[in-house]
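Got your viewer open and a selection box ready? Let's take a walk through this one, stop by stop.

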There are 2 protein chains.
Amino acid sequence: MEVRAEYCEEHHVHKDLVDSVKLDMPDEESLYDLAELFKVFGDTTRIRILYVLFESELCVCDIAELLNMSQSAISHQLRVLKQAKLVRSRREGKTVFYFLADDHVRTIIGQGMDHINE
Amino acid sequence: MEVRAEYCEEHHVHKDLVDSVKLDMPDEESLYDLAELFKVFGDTTRIRILYVLFESELCVCDIAELLNMSQSAISHQLRVLKQAKLVRSRREGKTVFYFLADDHVRTIIGQGMDHINE
DNA sequence: ATAACATATGAACAGTTGCTCATATGTTTG
DNA sequence: CAAACATATGAGCAACTGTTCATATGTTAT
């Protein structure tokens, strides 16, 4: 924040600063995975699913009815959430119950809420 | 988590649980805003921009060179970040410097990193 | 085994997104 | 003022996303 100078004349950046920033960047794969994770949170349907799972584990048709959406749509989205390891599931007879995988979900959503509430 | 019963027979959900979940849901607008916020984090380019701004404020062409992308692409994405209030900017002559708007950005990205690192 | 129920999945299609390219706006200098 | 530089922006397009629809899979009860 303190270090700064004439960076952009003739389209040449300030060498030292650029180098130090480059060193502190996570590797490409981590950045990709991170974006993929947030992409999963970046959909209203999936956010709503995660919210209803805050309360209790629920089966697919419960969630579908709660969100007033088709079983198929919910099932597709649950798959996305599961692949991102945000939810897990267990089968009980014909029924499959989904539940939050861990507390990161609550924390991340909570931080997001903090931001939008200024 | 304790309360549960036969929800889905005949496609009828468990009334009490469904009602209590419904009560605790944030309003539609908040959920939409939240998804919109995470959508902004859900892109590699924007994540990388935020990361380079962790170190120091930078001008558009600095960022473009750091990420090896066009000035136009970066400028478009900075607009998205600005609209989401994740970055702010200040002009100094011809140059516009961008910087992180507040510490929520670091916190949210940090929580995301925690999750992907298991 | 057959029917009924709960869930999963593939294809298709409309809507969205992120880039490029061209060009516009804003600022400083000669 | 014109030229040069830094940034912003609109149009266009290829790639991606989320839904629906039809159907498949898995489980239970008869």
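Among contacts in chain A between residues at least 6 apart in sequence, what percentage join residues at least 24 apart? The figure is 46%. Keep in mind along the way that this is a predicted model.

**Stop 1: chain A, overall**

Select chain A and switch to cartoon. You should be able to pick out six helices and three strands. Walking from the N terminus, the order of elements reads α-α-α-β-α-α-β-β-α. Chain A has 118 residues, and 49% of them count as buried.

Now colour by confidence. The mean pLDDT of chain A is 88, with 87% of the residues scoring at least 70. Then select residues 1–6 of chain A: here the pLDDT is below 50, though the stretch still has eleven contacts in the model beyond near neighbours in sequence. Where pLDDT is low, the predicted coordinates should not be read in detail. Among the elements of chain A, which has the lowest mean pLDDT and which the highest? Helix 1 (residues 15–23) of chain A is the lowest at 76, while helix 5 (residues 71–83) of chain A is the highest at 98.

**Stop 2: the sheet in chain A**

Hide the helices for a moment. What's left to look at is an open sheet of three strands in chain A, ordered 1-3-2 and paired antiparallel. At the edges stand strand 1 (58–59) and strand 2 (87–92) of chain A; each has a single partner strand, so one side of each is left without a neighbour in the sheet.

Zoom in on strand 1 of chain A. Two bridges pair this strand with strand 3 (residues 95–100) of chain A, in the antiparallel sense. Show A:C59 as sticks and look across to strand 3 of chain A: the residue standing opposite is A:F97.

Bring helix 3 (residues 44–55) of chain A back. This helix lies across strand 1, strand 2 and strand 3 of chain A, and its direction makes an angle of about 90° with strand 3 of chain A.

**Stop 3: the hairpin in chain B**

Over to chain B, where three strands also make an open sheet, in the order 1-3-2 with antiparallel pairing. Strand 1 (58–59) and strand 2 of chain B are the edge strands; each has a single partner strand, so one side of each is left without a neighbour in the sheet.

Select residues 87–92 and 95–100 of chain B, which are strand 2 and strand 3; they run antiparallel and are joined by six bridges. Two pairs to label: B:R88 has B:F99 as its bridge partner, and B:R91 stands opposite B:V96. Two residues sit between the strands of this hairpin, and B:G93 takes a positive phi near 70°. Add helix 3 of chain B to the view and you'll find it lying across strand 1, strand 2 and strand 3 of chain B, at about 90° to strand 3 of chain B.

**Stop 4: both chains together**

Show everything. How does chain A map onto chain B? A rotation of 180° with 0.0 Å of shift along its axis superposes the one on the other, with an RMSD of 0.0 Å. The two copies are thus related as by a two-fold rotation axis. Of the interface residues of chain A, 100% are also interface residues in chain B, so the copies meet through the same surface.

**Stop 5: A:H115**

Select A:H115, which is found in helix 6 (residues 104–116) of chain A. Is A:H115 buried or exposed? Its relative accessible area is 7%, which is under the 20% cut-off, so A:H115 counts as buried. Turn on the neighbours across in chain B: leaving out residues up to four places away in sequence, A:H115 touches B:L37, B:A84, B:K85, B:L86, B:D102 and B:H104. For a distance label, take the side chain of A:H115 to the backbone oxygen of B:A84, at 3.2 Å.

**Stop 6: B:D43**

Last pick: B:D43, in the loop between helix 2 (28–41) and helix 3 (44–55) of chain B. With 22% relative accessibility, B:D43 counts as partly exposed. Draw two distances from its side chain: the backbone nitrogen of B:T45 is at 3.0 Å, and the backbone nitrogen of B:R46 is at 3.1 Å.

What does B:D43 contact, leaving aside its neighbours within four places in sequence? A:A35 and B:Q77. B:D43 and B:Q77 are 34 residues apart in sequence, with 9.7 Å from C-alpha to C-alpha.

Notes
Residues numbered from 1 in each chain as written. Chains lettered and ligands numbered in written order. Predicted model: local features only at pLDDT ≥ 70, side-chain atom pairs only at ≥ 80, totals over all residues. Heavy atoms only, no water. Pairing = 2+ DSSP bridges. Helix = DSSP H or I, 4+ residues; strand = E, 2+ residues; numbered from the N terminus. pLDDT = per-residue confidence, 0-100. Contact = heavy atoms within 4.5 Å. Buried < 20%, exposed > 50% of the residue type's maximum accessible area, 1.4 Å probe, protein only. Polar contact = N/O pair within 3.5 Å; in protein donor to acceptor, adjacent residues only side chain to side chain. Axes fitted to C-alpha atoms, helices over the stretch in contact; angles between N-to-C directions. Least-squares fit on C-alpha atoms with pLDDT ≥ 70 in both.
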